[in-house]
Amino acid sequence: MLLNDHCNCPSLKAAMTGPVATPFDTLPYDILSKAFSYLTQVEVLEAMAVCRTWYEHLPCYTTHLWRSVTISAKEGGLINRRKAQCLGSHVHTVIASFYKGNSIFPKDMEEIVKLTEGSVRAAVFCFCSSFQSIGFYSGLAILGKHLTRLAFSNHLGNNLDFFDIMSACPHLTYFEMQRPGVLVTRNIPPFYITFPKLTDLLLDGTPCLDFDLEAILDRCPGLRFLGFTQRKWVPGDIASLTRHCNRLESLYFVDTEITFAKLRRKSLLNHQQEEQQDNMDYCLRELSIQPVERHGALSVSALVDRHLGTLKHLRLLNCFYSHLGSGTIAYSLTQLVLSNVEARSHDLANLFSHCPNIVDLTFAQHISTFTPDLIDALSTNLNRLERLDFDLLYNQPIHRPIPRRVAQGLLRLFSGIQHNPVMRLKKLFVVNKKIPINDSVLYSIACLDTLEVLAVSSAFCTDAGLAAFADRLAQRRRPDVPYSVTSTFSHNQSICNSSSSSKRSHRLSHITLYHVDALFSPNVMSAFGSIDGLEDFCLTACTHVTSDGLHALLSKTSGMTKLRLVRCHIIDAVDWISVARLLVDAVYFDSMGVQF
């Protein structure tokens, strides 16, 4: 009876039947937006199914999640009304998949444009087919009038025409064809019809047999970035590509093993700098040639010779180069990569003599090109060199003796760099196990007092050579402080020390040693720990590391933040890890390499 009286209470009935307060009514927008930011798109769609209030209000708090939206024909396109409710002017990218070009495709594209109010600027079509070309191009034209970036991935059909795409998307600045997929150029428009807004073209699919890249370049006068992965895209002379595009700044012919995402990031960086480059003289500034074919090297001599004076970055891999002797001095070239290039040593020496401002050099050539002329060109002409990644390609097994002249050439190279009063080499990488870095060469590297980062592999050094190397690094001259030489290793010691007096020493902060078979005794490790400014010390595949030596290293060092031992063999069982974790911020130790 008492319960019935309470149920008949007017105030209680009003409280039970009145509107229920929701989080959207009680919490501020910032707090709700922060809470919903941890959801995914799928979780948002599930939460919208709770009630009408969540269906109507939740999309307003998750607009940042819907800047890119995926529409799949297998899921019915936009039949999911909850997803359609989340679309708006905040959507900038649409990923459409499994569309066949039938009547559904134009309808969905029209609805996307209507819901997003024409805010879509980029589109990616995955696993779509253009067999029904009329419906496909009509749907593409509906969305394409708003697009500036377009990409096709895993496209089905051999009738995807580049010029029909450009006609449907007249404002495109970026076009990408990913593999697999076939691109054709059958409907070539008259020469007076051009697409000047296209600036980036990336071709990674498969061209048709009669594909005409020159026709594309003729009708895209504003092209700045061109990248492709197969020789089929350019059946003719690759040097003729730059004749059609006066504004071409970057040309990439890369291997399929290199991810095409790097080219996409490079293209985005170019887009960010377009406004600053509008008043610049257009010329080829970046050239990267890495053909897929390993037989019959592609000749790039004419292309490099024509644009050597304007290039900033030059990358040549697995191709043929011969210096044509044009006499052009490449003052703007700062980065050069040479890897397995078929060239004569004097051609490479002439190239170095014409590039005096190289800052970053990657040299990975066959051992036959390492001649005295090339060594002198490396050590005397590159006065502004700051980073050197050096490697010699040698196809013989490791137990086969490397010609003695190679070690002599290495000593001549590093001694020449050390004697050069202008060069300030800061980073040196010599990590190939087969390169004969013996005691003399290792000591000449230690005499490079401008080094800040050093990574070297020395499978040929002895215990005495490693000790002399460590002592010489520990005695690197600080500014206005003379050397106090105490090392017992005397080969080329006086020459290196006297020639270093004219250069200012830099702090050697990173040291990585590879494949060293010599003993890392307490005296050696104590010398490494005494290096002023050492922050990162790494040993990789070293076979004679002692725990006492590691204790000596830790007791001497004061500013080390990283200590790494990778695949190293510890020859005693003294505990050093607990001490290292107390003194060093980050310690990495590969315990699989321990020997007790």
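**Strand β4 and the nonpolar core**

Student: Is strand β4 enclosed or open in this model, and how many of its residues are buried?
Tutor: Keep in mind that we're looking at a predicted model. Buried here means under 20% relative accessible area. Strand β4 runs over residues 149-153, and it is largely enclosed by the rest of the structure because the buried ones number four of five.

Student: Which residue of β4 is the bridge partner of Ala 122?
Tutor: Start with the pairing: β3 (residues 122-126) and β4 run in the parallel sense, over five bridges. Between these strands the chain passes through helix α9 (residues 133-144), in a right-handed β-α-β crossover. Within β4, the partner of Ala 122 is Arg 149.

Student: And which residue of β5 is the bridge partner of Phe 152?
Tutor: β4 also pairs with β5 (residues 174-177), in the parallel sense over four bridges. To get from β4 to β5, the chain goes through helix α10 (residues 162-168), and this crossover is right-handed. The β5 partner of Phe 152 is Met 177.

Student: Which helix gives the largest share of the largest nonpolar core?
Tutor: That core has 160 residues, and Phe 125, Leu 150, Phe 175, Phe 520 and Phe 528 touch the most other members. The largest share is six residues, and they come from helix α17.

Student: Which cysteine is in contact with Leu 150, leaving aside neighbours within four places in sequence?
Tutor: With those neighbours set aside, the contacts of Leu 150 include Ala 123, Phe 125, Leu 140 and Ile 165. Phe 175 and Glu 176 are also among them. The cysteine in that list is Cys 169.

Conventions: Residues numbered from 1 in each chain as written. Predicted model: local features only at pLDDT ≥ 70, side-chain atom pairs only at ≥ 80, totals over all residues. Heavy atoms only, no water. Core = buried A, V, L, I, M, F, W, Y, C linked by side-chain atoms within 4.5 Å. Buried < 20%, exposed > 50% of the residue type's maximum accessible area, 1.4 Å probe, protein only. Helix = DSSP H or I, 4+ residues; strand = E, 2+ residues; numbered from the N terminus. Contact = heavy atoms within 4.5 Å. Pairing = 2+ DSSP bridges. Right-handed = clockwise from strand over helix to strand, strands pointing away.
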